[in-house]
Amino acid sequence: MDANELLNWARGPGFDIALVIFIGGMLLRLLEVLALGKKPDLSAPRGSGLSGGLRTIFSRFLPRKQVFDKEPLRIVNAYVMHLGFFVVLFFYGPHIPLFESVLGFGWPALPSGAINAVGAVTILSIVAALIFRMNSKVLRFLTTTGDYVAWLVTLLPVLTGYLAYNHMLLPYTLMLALHILSVELLMVVAPFTKLTHMFSFVTARWYQGFKAGQRGVES
Amino acid sequence: MSAPTVEKGIQAIKGQIDATVASYFSSCVHCGLCAEACLFYTETGDPRYTPINKVEPMKRIWQSEYTLLGRAKKMLGLSKPVDEQTFTDWETLVYDGCSLCGRCSLVCPVGNDISDMIRKIREGFAAAGHAPEGLIGASTRAVEIGSPMGVKLPAVQAQIGHLKKDTGLDAPLDVQGADYMVLLSSMEIMNFPEYMEAIARIMKQAGKTWTISSKAFEATNSGIQIGVSDIARVLVKRVVDAAEELGVKTVISPECGHAFTAIRWDGPNLIGRPYKFEVKHILEVLDEFVEQGLIRTEGKDDQKLTYHDPCQIARKGGVVKQPRNLLNRIASNFVEMEDGGAMNWCCSGGGGVSANERADELKMTAFKKKKSQLDALGVDTLVTACANCRLTLEEGLEEYEMDLPVVGLTEMLAEYLVEDKKEQA
């Protein structure tokens, strides 16, 4: 199989398989969660669970001062990593038609040069995340193999995308094929690692926020 | 009760795993920020006290029972099992190293209610026979005698007798249809009789009828702390039966943190139905009385004082404004502690820690957080609204040779009632 064939496989059957596993896997994980059910809170409510749940889904995007002051660099790096990943994923010109083909609508792209710079920063922040992890007593203690797997499959798409765009290291076609394959690896692995947080953070925040809203307490 | 076993522990933990727990474990990215919110970590520097690590056994059970990949791993013998050794290793993290203060739950970026998970996992530890002796003793006394400290009705009656003799005020037992049924904590009966006197004065001035039930005067609930819902249910049911029998409108939870959590929030869920009466914390009631002009105060304490928010009353109970309204009315130099309100630091003795002698040394280490907060403020008096916080604070202040009186807010308010001033004059 040469680079062109690999690229074709990655763009065709490879992507379809990955998409099925990603969507099916995430739905399965969601079902595993929801099937466990939750008893209603019978205590007399002070406030609205609905508004508490919605509020917490958004309020937790910002850190409380008390933890930010303890770990400012790590928290800023986490923002850079997440936002950088979103920008290169959703606003790089050639990515948008792919979303359009699945979703049925598109949106304007950012200039490629800007995306390239954001990509470089994102790669650095993902590497920095690993350095932070290895240098913190608490994080070293908590880290599992799954954390390293999740780290690697997050880094690879951004790294190969950057290398392909800049025609570095390998011939463009081969690097592009590897880029798409690395995205597919991420899609296949995500439902079975902590990367499920990309969706489950909504339910987690909702559950805590709902309870807090009903009880009239902060969350 | 049949003998506890590891199998029962695992079953009990499985029984606690619901959609919320599964959501929380699915969302944890091992960022470790919860450690920074936990005084057992910040004061010891030991990463084992990272809140999310305390529920690791529950995570293993969730993975191997309720996820596809985990079940596959279990079949292939690749998963880490939860066994006797796991319970032994985690017991001190789950009970000694957590006061269920809930601060971790408020900082988790993905929104995990870690404190709630620790409360849940305790069910498994108790069922597996890995609960601390101190809590087992307190729970047994609560069920058999009626109070975790072994306080019986005659002790309450004796206190009522003293109250009548010293002040001429009454604390009436078993009054049908009273406006309020007042609960007490054992500590208030044994260590802080000022509380009952304060209630009697305040109720008299407010013109409200009140009563203490001879069948259910104890507010504390060791079942909640040890994590045995069956015991918690028995203790809550006592209060509910007594209140509904007397037909009172409102039950007042005393200056005790977890008692409020037990009767206000957990209670209806334990007995499986809403109550026919309201539950309010004493500070909520006092604030209402003041707002409605039912009680009037005169004069202000001019000492520099601060307020320690009991976790279960502020962070988990939402009673944050009320103590401040009250204090500003009766104190001219009230200053906030750093992180005061919903993000307060625990006294280090909540959630059953203070009833667990094995945890004494760890508790005093964790107390350093409160010590540093108090050192930074340099106050003359420390006010709080939880008898358990109060004892823990007094113990910690003594241990670190800090000369600082600790007072309950209800009794402090009673000192500034207008009528009292007239009577004294």
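# Notebook: helices, sheets and a chain contact

I began with a pair of helices in chain A, and I noted that α2(A) and α10(A) cross in a right-handed manner. The model I am reading is a predicted one.

**Entry 1. The helix pair in chain A**

I looked up the geometry of this pair next. Helix α2 (residues 49-59) of chain A packs against α10(A) at an angle of about 135°, and the two axes are 6 Å apart. The two helices, α2(A) and α10(A), are therefore oblique to each other.

I then listed the residues that make the contact. From α2(A) they are A:Gly49, A:Leu50, A:Ser51, A:Gly52, A:Gly53, A:Arg55, A:Thr56 and A:Ile57. Among those that α10(A) contributes are A:Val202, A:Arg205, A:Trp206, A:Phe210 and A:Gln214. Sorted by class, the contact of α2(A) with α10(A) has six nonpolar, nine polar and two charged residues.

**Entry 2. Chain A as a whole**

I asked myself how many helices and how many strands chain A has. I found 10 helices and zero strands. Read along the sequence, the pattern of chain A is α-α-α-α-α-α-α-α-α-α. I also recorded the extent of the C-alpha trace of chain A, which spans about 65 × 35 × 35 Å along its principal axes.

**Entry 3. Where chain A touches chain B**

I turned to the contact between the chains. On one side stand 47 residues of chain A, and on the other 46 residues of chain B. Which elements of chain A give two or more residues to this side? I noted α1 (3-34), α3 (65-68), α7 (137-142) and α10 (197-215) of chain A. The largest share, 10 residues, comes from α10(A). I divided the residues on the chain A side by class and obtained 17 nonpolar, 14 polar and 16 charged. Thus α10(A) appears in two of my entries: it packs with α2(A), and it takes part in the side that touches chain B.

**Entry 4. A helix pair in chain B**

I examined a helix pair in chain B in the same way. The axes of helix α1 (residues 6-16) of chain B and helix α10 (residues 114-127) of chain B come within 7 Å and cross at roughly 160°. That angle makes α1(B) roughly antiparallel to α10(B). The crossing in which α1(B) passes α10(B) is right-handed.

In the contact, α1(B) presents B:Lys8, B:Gly9, B:Ile10, B:Ala12, B:Ile13 and B:Gln16. These meet residues of α10(B) that include B:Lys120, B:Ile121, B:Glu123 and B:Phe125. By class, I counted six nonpolar, three polar and three charged residues in the contact of α1(B) with α10(B).

**Entry 5. A sheet in chain B, β1 to β4**

I next followed an open sheet of four strands in chain B, whose order is β2-β1-β3-β4 and whose pairing is parallel. Which strands lie at the edges? They are β2 (210-211) and β4 (278-281) of chain B, and each pairs on one side only.

I checked the bridges strand by strand. Strand β1 (residues 180-182) of chain B pairs with strand β3 (residues 250-253) of chain B over three bridges, in the parallel sense. I noted that B:Tyr180 has B:Thr250 as its bridge partner, and that B:Val182 has B:Ile252. On to the next pair: β3(B) and β4(B) also run parallel, over four bridges. There B:Ser253 is partnered by B:His281 of β4(B).

Helix α17 (residues 257-271) of chain B lies across β3 and β4 of chain B and runs at about 155° to β3(B). Taken together, β3(B), α17(B) and β4(B) make a right-handed β-α-β unit.

**Entry 6. A sheet in chain B, β5 to β8**

My last search was for the sheet formed by β5 to β8 of chain B. Four strands form an open sheet in the order β6-β5-β7-β8, with parallel pairing. At its edges stand β6 (334-335) and β8 (406-408) of chain B; each has a single partner strand, so one side of each is left without a neighbour in the sheet.

Strand β5 (residues 305-307) of chain B and strand β7 (residues 381-384) of chain B are joined in the parallel sense by three bridges, and B:Leu305 has B:Thr381 as its bridge partner in β7(B). Three bridges join β7(B) to β8(B), which run parallel. I saw that B:Thr384 stands opposite B:Gly408 in β8(B). I closed the entry with the unit that β7(B), helix α22 (residues 387-399) of chain B and β8(B) make, a right-handed β-α-β unit.

Conventions
Residues numbered from 1 in each chain as written. Chains lettered and ligands numbered in written order. Predicted model: local features only at pLDDT ≥ 70, side-chain atom pairs only at ≥ 80, totals over all residues. Contact = placed C-beta atoms within 7 Å. Nonpolar A, V, L, I, M, F, W, Y, C, P; charged D, E, K, R; others polar. Axes fitted to C-alpha atoms, helices over the stretch in contact; angles between N-to-C directions. Parallel < 35°, antiparallel > 145°, perpendicular 65-115°, else oblique. Left-handed = near helix turned anticlockwise from the far one by under 90°. Pairing = 2+ DSSP bridges. Right-handed = clockwise from strand over helix to strand, strands pointing away.
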